[in-house]
Amino acid sequence: MALTMKSGLKAAAPARGRSVSVRASAYDSELIATANKIATAGRGILAMDESNATCGKRLQSIGLENTEDSRRTYRELLVTTPGLGKYISGAIMFEETLFQKTSTGKRMTECLTEQGIVPGIKVDKGLVPLANSNGESWCMGLDGLDTRCGDYYKAGARFAKWRSVVSIPAGPSQIALRDCAYGLARYAAIAQNAGLVPIVEPEVLLDGEQDIDQCLEVQEAIWAETFKYMADNKVMFEGILLKPAMVTPGADAKVKSSPETVAAYTLKMLRRRVPPAVPGIMFLSGGQSELEATLNLNAMNQSPNPWHVSFSYARALQNSVLKTWQGKPENYKAAQESLLQRAKANSDAQLGKYDASGESAAAGERTYEKGYKY
């Protein structure tokens, strides 16, 4: 029987001996529900998925030794912050944290779910040099990913994150763009088949002197490649979330851009490249100061968007927390209040209602690190 299009026109029948492939997964409804739960008004993602080495560097900056107990104490501070679920809908964890318990014996994942926060997990294995490229990187982790995702789902995770990067000073080369996009697409397909909503993150690094127009060109290029390969791999767009960098000048650019300009360029890129079927755009801060990241997000939410435009910040949520805590028990509550303050500021920005008049000078301090690694 001939296939019939909705318009009434007949579509060509598939060639003899070939069948039409239709995507169907037992997790489809759950994936859509999870993605939409995370992409709810006034809420965003707390990225606390730094590797043990990177977490250790942060702890050492306040005089703490990088031990499992120190990392547990800090991560417990974050997940047990009272009222955090009002502003945070998801938390990305490192593998150690997913299976970790608090000092009272409660699992970290349980602390999150009690506040209505969806537990997530970083699943990539980090960046390594890309052979025959312009000093660029590729992301490891596809080997055994299906098994790991299944284990993470059983442990309570319901979404995943994979970060690959693109360097503007490096070109970027076509081979690097293609590898980044294809790796993300394969990861997204594998994650969805294990019941995890994939966060897709081809981070265009802040490194360099490029202007905002150069950034826009590269952002459009990597997102075009990424969606092409996701379509090829039959990734269900309603069951993913994106984690793009904002379209900004490079960290060393001579001319900076206002929040209104960053918002206009970033939304232009999204409208050109991202289907409206995607539920949420959860921006990374990428080395911006806490204040910059919040102001830029607020500017993007001054008019309606086809997506939930929100945040998935690490340094831009945690910088003040660490400085307030200093590893001292007597500062524990104040550090949690600092996290709540930053989470609320970004919640207000997601709603387009942020007021920066009460911000401290510390919120404007730069968090940028050249060649930053998680």
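User: How many cavities of 30 Å³ or more does the structure hold?

Analyst: A cavity is a set of points on a 1 Å grid over the protein atoms alone where a 1.4 Å probe fits but cannot get out. The structure holds three of 30 Å³ or more. This is a predicted model, in which local features need pLDDT of at least 70, side-chain atom pairs count only at pLDDT 80 or more, and totals for chains, interfaces and linings use all residues. Residues are numbered from 1 along each chain as its sequence is written, and side-chain values use heavy atoms, without hydrogens and water.

User: How much space lies in the largest cavity, and which residues lie nearest its centre?

Analyst: Its volume, the space filled by probe spheres set on grid points joined across faces, edges and corners, is about 100 Å³. The lining (residues with an atom within 4 Å of a point) has 14 residues, with Val204, Leu206, Ala245, Met246 and Thr248 nearest the centre.

User: How do the strands of the barrel run?

Analyst: Strands of a sheet pair through backbone hydrogen bonds, either parallel or antiparallel. Here a closed barrel of eight strands follows the order β1-β2-β3-β6-β7-β8-β9-β10, with parallel pairing (at least two DSSP bridges between two strands). Strands are DSSP E runs of at least two residues and helices are H or I runs of at least four, numbered from the N terminus; the chain has 10 strands and 12 helices. β1 (residues 44–48) and β10 (residues 308–313) are joined by two bridges, and isoleucine 45 stands opposite serine 312 in β10.

User: Which strands does helix α10 touch?

Analyst: Contact means heavy atoms within 4.5 Å. Helix α10 (residues 290–300) packs on the sheet against β9 (280–283) and β10, its direction at about 170 degrees to that of β10. Such angles run from 0 to 180 degrees between N-to-C directions of axes fitted to C-alpha atoms, for helices over the stretch in contact. Helix α11 (residues 315–325) touches β1, β2 (88–93) and β10, at about 60 degrees to β1.

User: Where is the cis peptide bond, and which residue other than glycine has a positive phi?

Analyst: Most peptide bonds are trans, and most residues other than glycine have a negative phi. The bond from glycine 171 to proline 172 is cis, with omega near -20 degrees; proline 172 is in the loop between β6 (159–166) and α7 (174–193). Asparagine 132 has phi near 60 degrees and sits in the loop between β4 (127–129) and β5 (137–139).

Technical notes. 1 Å grid on protein atoms, 1.4 Å probe; cavity = no way out; pocket = protein on both sides within 12 Å on 5 of 7 lines; lining within 4 Å.
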